[in-house]
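Me: Please go through this structure with me, one part at a time. I would like to start with the terms and then move to the details.

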Amino acid sequence: MSEAPVLAVEHLRHGYTLGRSRLEVLRDIELRVRAGERLAIVGASGQGKSTLMHVMGSLERPTAGQVRILDQDVYALSEAKRSALRNRHIGFVYQLHRLLPEFTALENVLMPLLVRRERRRRVEPWARELLERVGLGERLQHKPGMLSGGERQRVALARALVNRPALLLADEPTGNLDSASAERVHRLMLELNAELGTALVVVTHEPALAARMERVLHLRDGRLQDTAGDTHPAQAPLADTRSVGN
Ligand SMILES: Nc1ncnc2c1ncn2[C@@H]1O[C@H](COP(=O)(O)OP(=O)(O)OP(=O)(O)O)[C@@H](O)[C@H]1O
Ligand SMILES: [Mg+2]
């Protein structure tokens, strides 16, 4: 396994310009996530959690700083290479699900693989299994408009995991779910973390989920702090704990 972190963020800054006013959202973000690590990000509404997830997920170029995924500087890549990296290695669960309305639940989950020209017959069993594991085995042919809000969220999670990504970025993945469905979604994330070594970075307000992560970081005033309030503990155990002896 690679020594490089799955995700490394350095001196990241990001904000928005609206007319003549400038809103600085992320001021100085430093973060390293090791292979298979589980991290929760918490913080009040409007502090920039979704913004940070988009920037880390290679979806929005930051004002300054660097994002490395599996040791590749993602914003130095061409658009095409960045998309390919995202498709292959990152699973993204948006705060709002963003499923394709004209396709069934099963097709939505298959989409990242079909985009990559995988043969449907070969990959469909895994997509079905993921939907079954989030409790949607009976909803494979439903289109998003026929699904409940929580069901759509679960389809979105299955879609994010179908590529067996090295990194799952999930923005409040169980925000709209009842506790039983949320538990099923949490369990699936943790199982894939254990089975495939998928690193988890999850924005959540749910103590039950945060408690199952190895680290919880607080986004406040544009910086990541540990939950005790110190600055910059986000400099995770940098060296992989496996690289003992140097
Ligand atoms: N495209 C944009 N243009 C201008 N301002 C934006 C844009 N996107 C987000 N913002 C602002 O940036 C700030 C952070 O937004 P963001 O969605 O990242 O917050 P959040 O921490 O995810 O909040 P929540 O917990 O409510 O989801 C907010 O004040 C928001 O209004
Ligand atoms: Mg948000």
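Reply: A helix here is a DSSP run of at least four residues, and helices are numbered from the N terminus. With that in mind, please note that this is a predicted model.

Me: What pLDDT does the protein chain average?

Reply: The average pLDDT of the protein chain is 89, and 91% of the residues score at least 70.

Me: And where does pLDDT stay under 50?

Reply: That stretch is residues 229-246. The model has 29 contacts beyond four places in sequence for these residues.

Me: Back to helices. Which side chain meets Glu124 in a salt bridge?

Reply: Arg120 does, with 2.8 Å from N to O. The two residues are separated by about one helical turn, because they are 4 residues apart in helix H4.

Me: Is Glu124 buried or exposed? And what about Arg120?

Reply: Glu124 is buried, with a relative accessible area of 15%. Arg120 counts as partly exposed, at 34% relative accessibility.

Me: Which residues are linked with them in a network?

Reply: The network of salt bridges links Glu107, Arg120, Glu124 and Arg128.

Me: How many salt bridges does a search of the whole structure find?

Reply: The search finds 17. One of them joins Asp71 and Arg68, whose closest N and O atoms are 3.3 Å apart. Asp71 is partly exposed, with a relative accessible area of 46%, and Arg68 also counts as partly exposed, at 23% relative accessibility. Arg116 forms a salt bridge with Glu118, with 3.2 Å between the closest N and O atoms.

Me: Now a charged residue without a partner. What is the nearest side chain of opposite charge to Lys49?

Reply: It is Glu172, 4.9 Å away. A salt bridge requires the nitrogen to lie within 4 Å of a carboxyl oxygen, so this pair does not qualify. Lys49 is nevertheless buried.

Me: Where does Lys49 sit, and what is it in contact with?

Reply: Lys49 belongs to helix H1, which covers residues 49-56. Leaving aside neighbours within four places in sequence, its contacts include Ile41, Val42, Gly43 and Ala44, together with Glu172, Val203, His205 and Leu219.

Me: Changing topic: which protein donors does the magnesium ion have?

Reply: The magnesium ion (ligand 2) has Ser50 (OG) and Gln95 (OE1) as protein donors, lying 2.0 to 2.3 Å from it. This pair links distant parts of the chain, 45 residues apart. Ser50 is in helix H1, whereas Gln95 is in the loop between strand E6 (90-93) and helix H3 (105-115). Gln95 counts as partly exposed, at 38% relative accessibility.

Me: You mentioned H3. How many of its residues are buried?

Reply: Of its 11 residues, 8 are buried, so H3 is mostly covered by the under 20% cut-off. Among the buried ones are Leu106, Val109, Leu110 and Met111. The buried residues of H3 pack against helix H2 (79-89), helix H4 (120-133) and helix H5 (149-161).

Me: What follows H3?

Reply: Arg117 follows H3, and its phi is positive, near 65 degrees.

Me: On to strands. In what order do the 4 strands of the open sheet come?

Reply: The order is E2-E1-E4-E5, and the pairing is antiparallel. Strand E2 (21-33) and strand E5 (72-73) are the edge strands, each pairing on one side only. Strand E1 (residues 7-18) is joined to E2 by 9 bridges, and Ala8 has Arg32 in E2 as its bridge partner.

Me: What holds strands of a sheet together as pairs?

Reply: They pair through backbone hydrogen bonds, in either a parallel or an antiparallel sense.

Me: Which strands does E3 pair with?

Reply: E3 is joined to strand E8 (residues 199-203) by 4 bridges and runs parallel to E8. Arg38 stands opposite Leu200 in E8. E3 also pairs with E9 in the parallel sense over 4 bridges, where Ala40 has Val216 as its bridge partner. Strand E3 covers residues 38-42 and is mostly covered, with 4 of its 5 residues buried.

Me: And what do E9 and E10 form?

Reply: They form a hairpin with 2 residues between them. Asp221 in the turn has a positive phi of about 50 degrees. The two strands, residues 215-220 and 223-226, are antiparallel and share 4 bridges, with Leu217 opposite Asp226 in E10.

Terms used
Residues are numbered from 1 along each chain as its sequence is written. Chains are lettered from A and ligands numbered from 1 in the order in which they are written. This is a predicted model: local features need pLDDT of at least 70, side-chain atom pairs count only at pLDDT 80 or more; totals for chains, interfaces and linings use all residues. Side-chain values use heavy atoms; hydrogens and water are left out. Buried means under 20% relative accessible area, exposed over 50%, partly exposed in between (1.4 Å probe, protein chains only). Lys and Arg count as positive and Asp and Glu as negative; His and the chain ends are not counted. Contact means heavy atoms within 4.5 Å. Donors are N, O and S atoms within 2.8 Å of the metal (3.2 Å for Na, K and Ca); water is not among the atoms, so sites may look incomplete. pLDDT is the predictor's confidence in each residue, from 0 to 100. Two strands pair if DSSP finds at least two bridges between them.
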